[in-house]
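Ready for a few exercises on empty space and surface? Have a look at the model first, then work through the tasks one by one.

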Amino acid sequence: MDKEVIDRQTRAISFSAIGRDFQLVNVICMFANVVTLSLICTGNIAVVPLTIVIVSTLVFALIAGLNQIDTFKAWVMDMDKQEAETTMGKQGQNSPFSMWKTVFALTYTIFAIAQLYEIWV
C-alpha cells in the first residue's frame, strides 16, 4: 500500500478517535451533572461529598474537554496541503477554537456554580 494512502487512513482514524473521546468526556460529565442534580432535588444530601463530586467533575471536564479541543486544533494544523485544500480542511482551519473553549469552559463552570449555590445557600 502507498505511504500517502496509509497516512490518510491514519489521519481519518485519529480524527474519529478525537471526536469519540470528546463525546465520551461530554457524556460522562453530563451524566455526573444529572446525578448530582437528582441528588440535590431529593433534598437529603451529604453536602461535603456532593461538593467534592461537583468540583471534581468540573475539573475533569475542563482538563479532558479542553485538551480534546486542543488536540483537534493540532490535528487541523497538521494537515498536508492536499487535505487542507478540501472543504473539510478549509472549515477546520477557519474553526473558532477559542470560542469553543470559552463556551465549553463556561458551560461546565456555570453548571458547577449553580449546583454548589443550591446546596450551600
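**Exercise 1.** How many cavities of 30 Å³ or more does a search of the whole structure find? Work out what surrounds the largest cavity, too.

*Solution.* Keep in mind that this is a predicted model. Step one: the search turns up 1 cavity of 30 Å³ or more. Step two: the volume of the largest cavity is about 50 Å³. Step three: go round its lining, where you meet A32, N33, T36, V53, I54, T57, L58, Y108, F111, A112 and Q115. Helices α1, α2 and α5 are the elements that give two or more residues to this lining. Step four: sort the lining by class, and you get 7 nonpolar, 4 polar and no charged residues.

**Exercise 2.** Describe the largest pocket and say which element gives the largest share of its lining.

*Solution.* Start with the volume, about 400 Å³ for the largest pocket. Of its 19 lining residues, F15, F72, V76, S95 and W100 are the closest to the centre. Next, look at the elements: α1 (3–42), α2, α4 (87–93) and α5 supply at least two lining residues each. The largest share, 5 residues, belongs to α2. By class, 11 of the lining residues are nonpolar, 7 polar and 1 charged.

**Exercise 3.** Is I52 buried or exposed, and which surface patch does it help to make?

*Solution.* First find I52 in helix α2. Its relative accessible area is 54%, and exposed means over 50%, so I52 counts as exposed. Now add V48, Y117, W120 and V121: together with I52 they make a nonpolar surface patch of about 600 Å². Both α2 (47–77) and α5 (97–120) supply at least two residues of that patch.

Key:
Residues are numbered from 1 along each chain as its sequence is written. This is a predicted model: local features need pLDDT of at least 70, side-chain atom pairs count only at pLDDT 80 or more; totals for chains, interfaces and linings use all residues. Side-chain values use heavy atoms; hydrogens and water are left out. Patches are made of residues with over 30% relative accessible area and no salt bridge: like charges are joined within 9 Å, nonpolar side chains (Val, Leu, Ile, Met, Phe, Trp, Tyr) within 5 Å. Accessible areas come from the Shrake-Rupley method with a 1.4 Å probe; for residues, only the protein chains shown count as cover. A salt bridge is a side-chain nitrogen of Lys or Arg within 4 Å of a carboxyl oxygen of Asp or Glu. Helices (H or I, at least four residues) and strands (E, at least two) are DSSP runs, numbered from the N terminus. Buried means under 20% relative accessible area, exposed over 50%, partly exposed in between (1.4 Å probe, protein chains only). On a 1 Å grid over the protein atoms alone, a cavity is a set of points where a 1.4 Å probe fits but cannot get out, and a pocket is an open set with protein on both sides within 12 Å along at least five of seven lines; lining residues have an atom within 4 Å of a point. Grid points are joined across faces, edges and corners, and a volume is the space filled by probe spheres set on the points. Ala, Val, Leu, Ile, Met, Phe, Trp, Tyr, Cys and Pro count as nonpolar, Asp, Glu, Lys and Arg as charged, and the others, Gly among them, as polar.
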